[in-house]
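User: Could you walk me through this structure? I have a few questions about how it is put together.

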Amino acid sequence: KKIETFVQADYDVKMYSKDYPKDSIKTPQDSGRGLQNTLTQQLNKYDEQNRPEICQARVYKSLVQTQGGVEKEGTSYEVVLGVWENEKDFNPEKIKFLGAIDKRKDAFGHTIFSMGVFSTLYGADKLKRQILEEDKSFSDAHAEVIVSGVHKTLPEYFIKEYTEAGCPVI
């Protein structure tokens with residue numbers, strides 16, 4: 001069986017006797033369409049605010065503010081500049097003065113370039129901002145956590161904070 005639901009907003013239902021002239025009761029025109037437009041606008045705004053990258057940026061900003069200065073034994077942070085299939089395509093000219101650039105291979109043989117080793121997220125965030133000021137081509141640069149030698153993304157390490165905010169954790 002099919003269940004249908006009808007919603008009407010901003011309409012005051014008045015109760016009248018049978019004798020009251022029926023033509024004096026006026027129904028708002030297109031009330032359903034107005035409600036649908038309002039709902040569509042609200043859903044679009046919600047979707048825009050909760051895109052994965054916006055959600056993750058919001059949590060990252062909060063983490064820097066609330067836990068940016070926290071040091072934990074066995075935990076450090078670095079800034080990952082990106083992953084290159086061909087390491088010869090990597091051009092660090094505009095940022096190399098900021099510090100040593102490290103490289104390592106991932107499971108697919110791609111080269112991951114990174115900079116810095118910091119005891120706090122705040123240190124890594126500061127370097128990330130400096131890198132972006134010098135060279136916008138590193139827009140994908142991000143902080144990464146190293147726990148006892150194992151590299152983790154921030155959503156992996158701070159999984160509780162990201163899932164509570166409704167962010168997808170990949």
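User: Happy to start with the largest pocket: which helix gives the largest share of its lining?

Analyst: Good place to begin, and do keep in mind that this is a predicted model. The elements that give two or more residues to the lining of the largest pocket are helix 2, helix 3, strand 4 and helix 4 (154-157). With five residues, the largest share comes from helix 2.

User: What is the volume of that largest pocket?

Analyst: The lining counts 16 residues, and those closest to the centre of the pocket are Gln56, His142, Leu154, Pro155 and Tyr162. The volume of this largest pocket is about 480 Å³.

User: Let's turn to the nonpolar core. Which element gives the most residues to the largest one?

Analyst: The largest nonpolar core has 25 residues, and Leu81, Leu121, Ile131, Phe138, Leu154 and Tyr162 have the most contacts inside it. Two or more residues each come from helix 2 (52-67), strand 1, strand 3, helix 3 and strand 4. The element that gives the most, with five residues, is helix 2.

User: Leu121 is on that list. Leaving aside neighbours within four places in sequence, which residues is Leu121 in contact with?

Analyst: Leu121 belongs to helix 3 (residues 121-134), which lies across strand 1, strand 3 (111-118) and strand 4. Helix 3 runs at about 30 degrees to strand 1. Once neighbours within four places are set aside, the contacts of Leu121 are Tyr60, Leu63, Val64, Gly68, Tyr77, Ala143 and Leu154.

User: Now the sheet: which strands stand at its edges?

Analyst: The sheet is open, with five strands in the order 2-3-1-4-5 and antiparallel pairing. Each edge strand has a single partner, so one side of it is left without a neighbour in the sheet. From one strand to the next, the twist averages 40 degrees. The two edge strands are strand 2 (101-105) and strand 5 (150-153).

User: Which residue of strand 4 stands opposite Tyr77?

Analyst: Tyr77 falls in strand 1 (residues 75-84), which pairs with strand 4 (residues 142-147) in the antiparallel sense over six bridges. Opposite Tyr77 in strand 4 stands Val145.

User: One last spot: does Gly149 count as buried or exposed?

Analyst: Gly149 lies in the loop between strand 4 and strand 5. Its C-alpha atom is separated by 8.9 Å from that of Ser76, 73 residues apart along the chain. The relative accessibility of Gly149 is 58%, and the cut-off is over 50%, so Gly149 counts as exposed.

Conventions: Residues are numbered from 1 along each chain as its sequence is written. This is a predicted model: local features need pLDDT of at least 70, side-chain atom pairs count only at pLDDT 80 or more; totals for chains, interfaces and linings use all residues. Side-chain values use heavy atoms; hydrogens and water are left out. Two strands pair if DSSP finds at least two bridges between them. Helices (H or I, at least four residues) and strands (E, at least two) are DSSP runs, numbered from the N terminus. Axes are lines fitted to C-alpha atoms, for helices over the stretch in contact, and angles run from 0 to 180 degrees between N-to-C directions. Contact means heavy atoms within 4.5 Å. A nonpolar core is a set of buried Ala, Val, Leu, Ile, Met, Phe, Trp, Tyr and Cys residues joined through side-chain atoms within 4.5 Å. Buried means under 20% relative accessible area, exposed over 50%, partly exposed in between (1.4 Å probe, protein chains only). On a 1 Å grid over the protein atoms alone, a cavity is a set of points where a 1.4 Å probe fits but cannot get out, and a pocket is an open set with protein on both sides within 12 Å along at least five of seven lines; lining residues have an atom within 4 Å of a point. Grid points are joined across faces, edges and corners, and a volume is the space filled by probe spheres set on the points.
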